[in-house]
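Q: Please take a close look at one part of this model, the salt bridges. For a first-year student, how are the paired side chains placed, and are they buried or exposed?

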Amino acid sequence: MPRIIKLFNLNDPGWGRGNNNGSEPPPKRPQGNGDGPPDLDEVWRDFNNRIGSLFGRKGGGGGNNRPGNRGGITPPSPRGARIGLGVIALVAVGIWAASGFYIVQEGQVAVVTQFGKYKSTSQAGFQWRLPYPIQSQEIVNVSQLRTFEVGFRGGSRNKVLPEALMLTTDENIVDMQFVVQYRLRADGAPDYLFMTRDPDESVRQASETAMREVVGKQSMDFVLYEGRTAVATQVQALMQQILDRYQSGVQVSTVAIQNVQPPEQVQAAFDDAVKAGQDRERQINEGQAYANQVVPLASGQASRMTEQAEGYKAKVVGDAQGNTSRFTSILGEYEKAPQVMRQRMYLESMQDIFTRASKVMVDTKSNNNMLYLPLDKIMHLAAQDASKTGVGNPGSPALISPPVQPPLRGNAVPVPQSSGSSNSNTLPRDRTSR
């Protein structure tokens, strides 16, 4: 080993000057070359000579070679040959072993394969594996958020119609444009590399398949208006089921619908239909508002009339029951004293009649004259005076209820007397009573 180190010492001044082993002084160089550094050709030639001397070979000039010396090359000794081969093998093994070192960046994993078969997964850091061709590694970025577009490229105007046009359940066509974002699972790198031939294309096809299936089960109005969020959620769930079934190692992060509209060829007709639908909804809402206003009012009136009818019913029934009870009690008293009760009932009836009557006709037996009492005018004047001055004013004329007299003999009828009336308003007595 010291001999090898001495032989390949970089500080040897004899490099490129014919000093093969560094032990002999360098030969004199031809005049005119100066004392500058040797040429690259001389350095390369010197290096080859030193390698040859390691295996027991000595170099020499072509013209000074002996005939039996084969150009100055002597066969290497067995010991030197073994040493040289060992050194070469050791250096080759060291270089081969050093090729197994590799670095995994943060957010990446290394999938190690042994003879092409999955062996293990290495995390971020300085790693080592068995050198090629025993083992090899493939770096996979698991933290990268991958994004692709379906139905358009770059902008909504740059459409891809074979991807965008989809059929709904009511046999209408919609133009669907959406974006899918996904990343790899922490333990999904081996599946991402080995379970599918083209995993990114598999994700794209799964997204398009899921979207067509979900849209095909919904109506056009639902997809265009109120169902965008629901459609995106269903597509994401269905995509994840498909990719898990394929064992792709992919986790779907987001499905965002960028634009959904009817095809451009029928856009004008569809706008007219939308306006008509909006008018229809507006009229329905107006009718519903009117119904909400009228129906409660009618219900209240019906309830009020029902309550009034119930109250009237209760009043009539109560009055009837009261009259029945009063008649029963009067009947009992009448049975005890019929004459007294008959007279009393007559007096009460006449009092009630005369109290409500404003005109009374009296038939006299002598001249059959009719006496008129202006009770209606008296009552009218009394009511007006009461409304102006107040009830109970001593200066206002008051209607005095006429007393009822017992029945007289003959055809004379008792007439109520007014305290303020003159003698002309007084009824004459019956002749028989006089």
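A: A residue is called buried when its relative accessible area is under 20%, exposed when that area is over 50%, and partly exposed in between (1.4 Å probe, protein chains only). The model is predicted, so local features need pLDDT of at least 70 and side-chain atom pairs count only at pLDDT 80 or more, while totals for chains, interfaces and linings use all residues. Residues are numbered from 1 along each chain as its sequence is written, and side-chain values use heavy atoms, leaving out hydrogens and water.

The structure holds nine salt bridges, each a side-chain nitrogen of Lys or Arg within 4 Å of a carboxyl oxygen of Asp or Glu. One of them joins the side chains of Arg153 and Glu163 (3.0 Å, N to O). Arg153 belongs to strand β7 (residues 152-153) and Glu163 to helix α4 (residues 161-164), so this pair ties together parts ten residues apart in sequence. Helices (H or I, at least four residues) and strands (E, at least two) are DSSP runs, numbered from the N terminus. Glu163 is buried, at 12% relative accessible area, whereas Arg153 is partly exposed, at 31%.

Lys159 pairs with Asp175, their closest N and O atoms being 3.0 Å apart. Because Lys159 lies in strand β8 (residues 155-159) and Asp175 in strand β10 (residues 173-184), the bridge links parts 16 residues apart in sequence. Asp175 is buried, at 4%, and Lys159 is partly exposed, at 21%.

Arg282 and Glu286 form another salt bridge, with closest N and O atoms 3.2 Å apart. These two residues are four residues apart in helix α9 (residues 267-336), so about one helical turn separates them. Arg282 is partly exposed, at 41%, and Glu286 is partly exposed, at 46%.
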